[in-house]
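Thanks for coming, everyone. Please look at the sequence and the structure while I talk.

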Amino acid sequence: MPYPAAGYDLLPLYNLARQGKIFTGNIAAGGVVLPIYSNNTQQVGLWNPAGSNVDLVLLRIGLTYVDTTGAAGGFVLGQLTGLGAAVATGTSITAFTETAAVSDYPGGGFTSVAKFGQGATLTVVGGSVTIKRQLGLNQTVLTAATTSSPQWKSDFEFGGDVVVTPGSAVFLAGNIATLAKFTGSLVWAEISRVA
């Protein structure tokens with residue numbers, strides 16, 4: 001049977017990677033506590049600057065538990081729209097320290113158009129972030145002090161239906177104020193906009 005056996009066509013994603021259009025943003029190994037989506041300090045964000053001429057198509061979010069007792073709740077994508085291309089006083093984003101995205105085709109010299117940020121340097125106008133999508137990823141009340149070793153998968157794959165257009169941003173957040181620390185990755189494709 002020809003590869004891939006499951007019938008899933010990987011070639012389009014490979015071609016996008018080879019063209020330098022797929023990137024990964026990584027959260028620091030020490031992890032972050034994802035705030036409620038309405039908080040004015042976010043921890044993980046992806047911003048498509050106005051005038052970029054690309055759409056960001058989300059492909060995957062993967063989270064890995066680091067430590068701290070969790071709280072029951074779920075994760076969401078928050079969104080902001082009507083943004084410019086830079087941080088400015090009086091705008092919806094007043095601080096956004098970028099973390100370099102990694103090209104999924106190493107050695108090609110490709111650089112992301114998007115702005116990826118992680119850590120407590122993503123400041124938005126309080127209450128301006130709205131829920132774009134519930135992810136169906138849940139957090140239980142767990143503790144790092146447990147003597148068992150439960151394993152679980154905590155990721156979400158998109159089907160090409162979540163697009164971050166120029167002048168908008170998304171944030172990985174909680175539907176509540178979460179407590180546990182997570183590290184992880186956000187993967188997206190940068191697709192040229194057709195006039």
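I will go from the overall layout to the cores, then to the salt bridges and a few single residues.

First, a caution. This is a predicted model.

Start with the layout. The chain has 195 residues, and 41% of them count as buried. It holds one helix and 13 strands. The order is simple: from the N terminus, the helix comes and then the strands follow. Now take the contacts between residues at least 6 apart in sequence. Of these, 88% join residues at least 24 apart. On the outside, the chain exposes about 9,700 Å². Carbon and sulfur atoms supply 56% of that area.

Now the inside. In soluble globular proteins, nonpolar side chains tend to be buried together. Here, the largest nonpolar core has 26 residues. Which members touch the most other members? They are L46, L58, I61, L63, L77, L135 and W188. Several strands give two or more residues to this core: strand 3 (41-48), strand 4 (54-67), strand 5 (73-80), strand 9 (130-139), strand 12 (168-174) and strand 13 (181-192). Strand 4 gives the most, with five residues.

Take L58 as an example. Leave out residues up to four places away in sequence. L58 then touches L46, L77, F158 and V162, and also V170, L186, V187 and W188. Apart from this core lies another one, of ten residues. Among them are W47, L80, I93 and L122.

Nonpolar residues also show up on the surface. L11, Y14, Y105 and F110 form a nonpolar patch there. Together they have about 360 Å² of accessible area. L11 sits in helix 1, residues 11-18.

On to charges. Side chains of opposite charge can pair when their charged atoms come close. How many salt bridges does a search of the whole structure find? Three.

One salt bridge joins the side chains of R193 and D55, at 2.5 Å from N to O. R193 is in the segment after strand 13, and D55 is in strand 4. They are 138 residues apart, so the pair links distant parts of the chain. R193 counts as partly exposed because its relative accessibility is 44%.

Another pairs D155 with R60. The closest N and O atoms are 2.6 Å apart. D155 lies in strand 10 (residues 155-157) and R60 in strand 4, so this pair ties together parts that are 95 residues apart in sequence. Is D155 buried or exposed? D155 has 15% relative accessibility, so it counts as buried. R60 has 31%, so R60 counts as partly exposed.

Then there is D161 with R133. Their closest N and O atoms are 3.1 Å apart. D161 is in the loop between strand 10 and strand 11 (163-164), and R133 is in strand 9. The pair therefore ties together parts that are 28 residues apart in sequence. R133 counts as partly exposed, because its relative accessibility is 26%.

Now some single residues. Go to T24, in strand 1 (residues 22-26). At 11% relative accessibility, T24 counts as buried. The T24 side chain makes a polar contact with the side chain of D104, at 2.8 Å. Set aside the neighbours within four places in sequence. T24 is then in contact with A101, V102 and D104, and with S185, L186, V187 and W188. Two names return here: L186 and W188 also touch L58.

Next, N53. Where is it? N53 is in the loop between strand 3 and strand 4. Its phi is near 65°, a positive value in a residue other than glycine. N53 counts as exposed, because its relative accessibility is 56% and the cut-off for exposed is over 50%.

Last, T165, in the loop between strand 11 and strand 12. T165 is partly exposed, with a relative accessible area of 34%. T165 and N53 are 112 residues apart along the chain, yet their C-alpha atoms are separated by 8.8 Å. Beyond the neighbours within four places in sequence, T165 is in contact with N48, D55 and R193. D55 and R193 are the salt-bridge partners at 2.5 Å.

That is the tour.

Definitions and conventions. Residues are numbered from 1 along each chain as its sequence is written. This is a predicted model: local features need pLDDT of at least 70, side-chain atom pairs count only at pLDDT 80 or more; totals for chains, interfaces and linings use all residues. Side-chain values use heavy atoms; hydrogens and water are left out. Patches are made of residues with over 30% relative accessible area and no salt bridge: like charges are joined within 9 Å, nonpolar side chains (Val, Leu, Ile, Met, Phe, Trp, Tyr) within 5 Å. Accessible areas come from the Shrake-Rupley method with a 1.4 Å probe; for residues, only the protein chains shown count as cover. A salt bridge is a side-chain nitrogen of Lys or Arg within 4 Å of a carboxyl oxygen of Asp or Glu. Helices (H or I, at least four residues) and strands (E, at least two) are DSSP runs, numbered from the N terminus. A nonpolar core is a set of buried Ala, Val, Leu, Ile, Met, Phe, Trp, Tyr and Cys residues joined through side-chain atoms within 4.5 Å. Buried means under 20% relative accessible area, exposed over 50%, partly exposed in between (1.4 Å probe, protein chains only). Contact means heavy atoms within 4.5 Å. A polar contact is a pair of N or O atoms within 3.5 Å; within protein, one must be able to donate a hydrogen and the other to accept it, and residues adjacent in sequence count only if both atoms are side-chain atoms.
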